[in-house]
Amino acid sequence: MPEMEGILYKWTNYVSGWQPRWFILDKGILAYYKSQDEVGQGCKGSVKLACCEIDVHGTDPTRVDLIIPGEQHFYVKGTSEAERQRWLVALGSAKACLTDSIVHQGKEESDSNMRSKMSELRLYCDLLMQQVASVKEACEERENNQM
């Protein structure tokens, strides 16, 4: 039995935009299908949660970005804010369970996980520094306009 399944809207491209897809979260893998009827025909794509970052979109309360650094981005939206929250809990729980099992598998994998977390922290630090620079620039511009 899958941990969670249901419709999410997936960004496909600039021509087609957001399209409804059937997603199944099972054993740490999020797979999607064109529709629920096509589940038996094989998935259109999948992402292993242990390898990806789960980012809550800053302005869209229904969107979640799943990012495999340097490789792939999945942009998905829930059908509502509440539905996105349900998916976030399921995705985060599945990723946390995978992370726990990685820790128990030995020091090498733990070191790899630590490097991944450090990389994630550097990314957040860079994003924060960019935002600080933008705020500083806006303040300076405002001061210059008031003179």
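Trainee: What makes the largest nonpolar core a nonpolar core?
Mentor: Such a core is a set of buried Ala, Val, Leu, Ile, Met, Phe, Trp, Tyr and Cys residues joined through side-chain atoms within 4.5 Å. Buried means under 20% relative accessible area; exposed means over 50%, and partly exposed lies in between (1.4 Å probe, protein chains only). The largest set that qualifies here has 19 residues. Phe23, Leu25, Leu30, Val47, Leu66 and Trp87 have the most contacts inside it.

Trainee: Which elements supply at least two residues each of this core?
Mentor: Strand 1, strand 2 (17-26), strand 3 (29-33), strand 6, strand 7 and helix 1 (81-104). Helix 1 gives the most, with five residues.

Trainee: What should I keep in mind about the model and its numbering?
Mentor: This is a predicted model: local features need pLDDT of at least 70, side-chain atom pairs count only at pLDDT 80 or more, and totals for chains, interfaces and linings use all residues. Residues are numbered from 1 along each chain as its sequence is written, and side-chain values use heavy atoms, with hydrogens and water left out.

Trainee: What is Leu30 in contact with, leaving aside its neighbours within four places in sequence?
Mentor: Contact means heavy atoms within 4.5 Å. By that test Leu30 is in contact with Phe23, Ile24, Leu25, Gly45, Ser46, Val47, Leu66, Trp87 and Leu91.

Trainee: How many helices and strands does the protein have?
Mentor: Two helices and seven strands. Helices (H or I, at least four residues) and strands (E, at least two) are DSSP runs, numbered from the N terminus. From the N terminus on, the order is β-β-β-β-β-β-β-α-α.

Trainee: Why is strand 6 called largely enclosed?
Mentor: Six of its six residues are buried, so the rest of the structure largely encloses strand 6. In a regular strand the side chains alternate between the two faces of the sheet. Here both faces are covered. Arg63, Asp65 and Ile67 are buried on one side, and Val64, Leu66 and Ile68 are buried on the other.

Trainee: How do you know that strand 6 (residues 63-68) and strand 7 pair?
Mentor: Two strands pair if DSSP finds at least two bridges between them. Strand 6 and strand 7 have six, in the antiparallel sense. Asp65 has Tyr75 as its bridge partner in strand 7. Ile67 stands opposite His73. The two strands form a hairpin with three residues between them. Gly70, in the turn, has a positive phi of about 75°.

Trainee: What about strand 5 (residues 53-56) and strand 6?
Mentor: They pair in the antiparallel sense over four bridges. Ile54 has Leu66 as its bridge partner. This hairpin has six residues between its strands.

Trainee: How many bridges join strand 1 (residues 4-13) and strand 7 (residues 72-77)?
Mentor: Two, in the antiparallel sense. Tyr9 has Lys77 as its bridge partner in strand 7.

Trainee: Why is the pair of Trp11 and Trp18 called edge-to-face?
Mentor: Rings of Phe, Tyr and Trp (its six-membered ring) pair if their centres lie within 6.5 Å; planes under 30 degrees apart count as stacked, over 60 as edge-to-face and the rest as tilted. The search of the whole structure finds four such pairs. The rings of Trp11 and Trp18 have centres 5.4 Å apart and planes at 65°, so this pair is edge-to-face. Trp11 is partly exposed at 23% relative accessible area, and so is Trp18 at 25%.

Trainee: What makes the pair of Tyr32 and Phe74 edge-to-face?
Mentor: The centres lie 5.8 Å apart and the planes stand at 75°, so the pair is edge-to-face. Tyr32 lies in strand 3 and Phe74 in strand 7, so the pair ties together parts that are 42 residues apart in sequence. Tyr32 is buried at 11%, and Phe74 is buried at 3%.

Trainee: Which residues do ring pairs link into a cluster?
Mentor: Trp11, Tyr14 and Trp18.

Trainee: How many disulfides does the structure hold?
Mentor: Zero. A disulfide is a pair of cysteine sulfur atoms within 2.5 Å.

Trainee: Why do Cys43 and Cys139 count as partly exposed?
Mentor: Cys43 has 39% relative accessibility, so it counts as partly exposed. Cys139, at 43%, also counts as partly exposed.

Trainee: What percentage of the 147 residues is buried?
Mentor: Buried residues make up 30%.
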